[in-house]
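Please work through the following exercises with the structure at hand. Each task is followed by a worked solution.

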Amino acid sequence: MAKRKNDNLRLGEALKEFISENKLQKGMDRVNAREAWINLMGNGVNNYTTAIELRNDTLFVSLSSSVLREELSLGKSKIIKLLNEELGKDLITKIVLR
């Protein structure tokens, strides 16, 4: 356990420090990517989304509709751009729709 510091920290700073010390950033990125997909795609797409997984820099999205999969595959670059803007960093470079 780390030594207690006498400095007063804001809660956000303390959480960032905790995440970096315990190497939890990859897990946080996975959760944030899943939430960004849900927020950006809306209920119409989310009803057909069965799984969302971030591995390295690739987002794997499982869809139950082949028609929707084809429609989304036409706009992959735009979706990547929107997701990265939502996340605030260039985390996703590729999307695989299954």
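**Exercise 1.** In this predicted model, determine which residue forms a salt bridge with arginine 55, and state whether each partner is buried, partly exposed or exposed.

*Solution.*
Step 1. The partner of arginine 55 is glutamate 53, and their closest N and O atoms are 3.0 Å apart. A salt bridge requires a distance within 4 Å, so the pair qualifies.
Step 2. Arginine 55 has a relative accessibility of 38% and therefore counts as partly exposed.
Step 3. Glutamate 53, with a relative accessible area of 36%, is also partly exposed.

**Exercise 2.** State how many salt bridges a search of the whole structure finds, and explain which parts the pair of aspartate 29 and lysine 89 ties together.

*Solution.*
Step 1. The search yields 2 salt bridges.
Step 2. One of them joins aspartate 29 to lysine 89, with 3.0 Å between the closest N and O atoms.
Step 3. Aspartate 29 belongs to helix H2, whereas lysine 89 sits in the loop between H4 and E3, so the bridge ties together parts that are 60 residues apart in sequence.
Step 4. Buried means under 20% relative accessible area. Aspartate 29, at 10%, is therefore buried, while lysine 89, at 37%, is partly exposed.

**Exercise 3.** Describe how helices H2 and H4 cross, and identify the residues that make the contact.

*Solution.*
Step 1. Helix H2 spans residues 25-46 and helix H4 spans residues 76-87. Their axes come within 9 Å and cross at roughly 115 degrees.
Step 2. The crossing of H2 and H4 is right-handed.
Step 3. H2 contributes Asn32, Ala33, Ala36, Trp37, Asn39, Leu40 and Met41 to the contact, and H4 contributes Ile79, Leu82, Leu83, Glu86 and Leu87.
Step 4. Sorted by character, the residues of this contact comprise 9 nonpolar, 2 polar and 1 charged.

**Exercise 4.** Which elements give two or more residues to the largest nonpolar core, and with which residues is leucine 59 in contact, leaving aside its neighbours within four places in sequence?

*Solution.*
Step 1. The largest nonpolar core has 20 residues, and those with the most contacts inside it are Trp37, Leu59, Leu72, Leu83, Ile92 and Ile95.
Step 2. The elements that give two or more residues are H2, E1 (49-55), E2 (58-63), H3 (66-73), H4 and E3 (94-97). The largest share, 5 residues, comes from H2.
Step 3. With those neighbours set aside, leucine 59 is in contact with Ala33, Trp37, Ile52, Glu53, Leu54, Leu83, Ile92, Lys94, Ile95 and Val96.

Note on methods:
Residues numbered from 1 in each chain as written. Predicted model: local features only at pLDDT ≥ 70, side-chain atom pairs only at ≥ 80, totals over all residues. Heavy atoms only, no water. Axes fitted to C-alpha atoms, helices over the stretch in contact; angles between N-to-C directions. Helix = DSSP H or I, 4+ residues; strand = E, 2+ residues; numbered from the N terminus. Left-handed = near helix turned anticlockwise from the far one by under 90°. Contact = heavy atoms within 4.5 Å. Nonpolar A, V, L, I, M, F, W, Y, C, P; charged D, E, K, R; others polar. Core = buried A, V, L, I, M, F, W, Y, C linked by side-chain atoms within 4.5 Å. Buried < 20%, exposed > 50% of the residue type's maximum accessible area, 1.4 Å probe, protein only. Salt bridge = Lys/Arg side-chain N within 4 Å of Asp/Glu carboxyl O.
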